[in-house]
Amino acid sequence: MSKSTATLTSSIQVQHLPGARFGALIEGLEPAHLSQADKAAIWDAYKERHGLICFDFGHLLTADELHALTAVFGENEFAPGLINGLGKAIPEGEEDLSIEDQVARIRSTGRDPYMAYIGNLNPETLDAKPVDRKFFGEWEWHTDMSYVEVPPTFSLLHARVVPDDGGDTGFCSQVMAARALSSERRQQLRGLRIKHDSTYGSSGILRPGMTAPPSPVEALGYAHPALRMVPSTDEEALFLGRPTNAYVMGMALDESETLLDALWAHATQPQFCYRHQWKVGQVVVWDNRMMLHMRYPFDETKARLMWRTQTKGEAVIAAA
Ligand SMILES: O=C(O)CCC(=O)C(=O)O
Ligand SMILES: [Fe+2]
């Protein structure tokens with residue numbers, strides 16, 4: 001990887017993520033003492049390595065440290081499922097409840113509204129916590145919260161407890177997938193919008209307050225351009241969201257399904273994908289504009305707990 005002037009004054013070590021065609025591995029970073037040079041080196045790695053970085057700390061972070069690392073990538077966004085309309089249906093009678101009131105309510109329970117806990121352990125006590133069986137199964141390819149108009153840009157996952165086997169996270173570069181489109185397909189995709197369903201979470205569980213739609217045509221969600229621009233690197237990326245209940249706006253359902261099947265087969269080819277095996281203490285950050293991700297299954301007798309943060313997004317820009 002080329003060295004920029006920024007990396008000369010930062011003590012962090014940046015290398016290619018082993019086993020991946022994209023992604024960087026960063027070691028030696030002190031999240032409580034992030035310098036301007038560190039931040040510049042992180043952004044260089046992000047740009048050169050297509051929006052995926054694994055930070056190897058070798059120890060667990062505090063919540064403040066994870067929030068400080070998140071702030072390198074943007075303004076912290078609320079965790080999904082806590083604020084009305086952000087991965088959570090608006091309960092009757094709460095239509096006018098302000099975000100400030102909701103945040104005050106969440107904080108009064110001792111909960112950090114910017115942190116999500118994904119796992120089958122109580123995040124405080126680390127005691128086993130009952131979860132839906134789907135938690136252990138495969139989580140479908142997706143980009144985070146793409147069913148809202150302005151989805152979060154970066155997501156960060158911090159491995160606290162991981163099984164010795166299984167539970168890997170897959171990443172798939174949609175910039176590489178877009179580059180490999182035929183010119184006919186690229187032409188066809190310009191102007192097309194795909195609706196990204198909000199009813200099911202990535203593991204296949206219905207989200208709080210949601211009901212299953214009769215068909216993808218009626219599913220609640222947001223329709224985004226199929227091909228988007230990523231302004232930070234000035235490249236195009238395919239933007240498929242997630243397979244469940246996806247729908248190409250304006251098409252007959254069977255026509256939409258046929259096109260989506262072909263796009264998913266193209267988008268998730270092995271040469272665009274990387275499978276991450278976690279080590280406790282790592283933080284992986286990805287740019288949802290450039291990257292799909294999924295989670296591999298693991299054994300129901302095992303424990304897994306991740307802390308998760310995300311950054312606020314910006315309006316989705318269609319490829320010209
Ligand atoms: O737990 C994982 O490996 C991935 C979960 C996920 O989809 C996410 O955090 O956005
Ligand atoms: Fe996700």
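Which domain does UniProt place at residues 16-309? The unreviewed UniProt entry assigns this span to the feature "domain: TauD/TfdA-like". In the predicted model examined here, the end C-alpha atoms of residues 16-309 lie 24 Å apart. Helix accounts for 21% of the span and strand for 24%.

Within the model, helix H7 comprises the 15 residues 253-267. At 1.5 Å a residue, H7 should span 21 Å, and the computed separation of its end C-alpha atoms, 20 Å, agrees with this expectation. Ser 256, Leu 263 and Ala 267 are the buried residues of H7. Viewed down the helix axis, these buried residues fall within an arc of 35°, and they therefore line one face of H7. An α-helix has 3.6 residues a turn, so residues three or four places apart point the same way. The other side of H7 carries the exposed residues Asp 254, Asp 261, Ala 262 and Ala 265. The packing partners of the buried residues of H7 are strands S8 (169-173), S12 (235-238), S13 (247-248) and S16 (291-295), together with helix H5 (174-179).

Strand S16 also contributes to the surroundings of ligand 1: S16, strand S7 (154-161) and strand S17 (305-311) each supply at least two residues of the shell. The residues around ligand 1 are Ile 118, Trp 139, Asp 144, Ser 155, Leu 157, Thr 169, Ser 202, His 293, Arg 295, Met 306 and Arg 308. By character, the shell divides into four nonpolar, four polar and three charged residues.

Notes. Residues are numbered from 1 along each chain as its sequence is written. Chains are lettered from A and ligands numbered from 1 in the order in which they are written. This is a predicted model: local features need pLDDT of at least 70, side-chain atom pairs count only at pLDDT 80 or more; totals for chains, interfaces and linings use all residues. Helices (H or I, at least four residues) and strands (E, at least two) are DSSP runs, numbered from the N terminus. The expected span of a helix is 1.5 Å times one less than its number of residues. A residue is buried if 20 or more other C-beta atoms lie within 10 Å of its own, exposed if 12 or fewer, and partly exposed in between; C-beta atoms are placed from the backbone. The arc is that of the directions from the helix axis to the C-beta atoms. Two residues are in contact if their C-beta atoms, placed from the backbone, lie within 7 Å. UniProt positions are given in the numbering used here, feature names are shortened, and annotations may be inferred rather than shown by experiment. A residue is near a molecule or strand if its C-beta atom, placed from the backbone, lies within 6 Å of it. Ala, Val, Leu, Ile, Met, Phe, Trp, Tyr, Cys and Pro count as nonpolar, Asp, Glu, Lys and Arg as charged, and the others, Gly among them, as polar.
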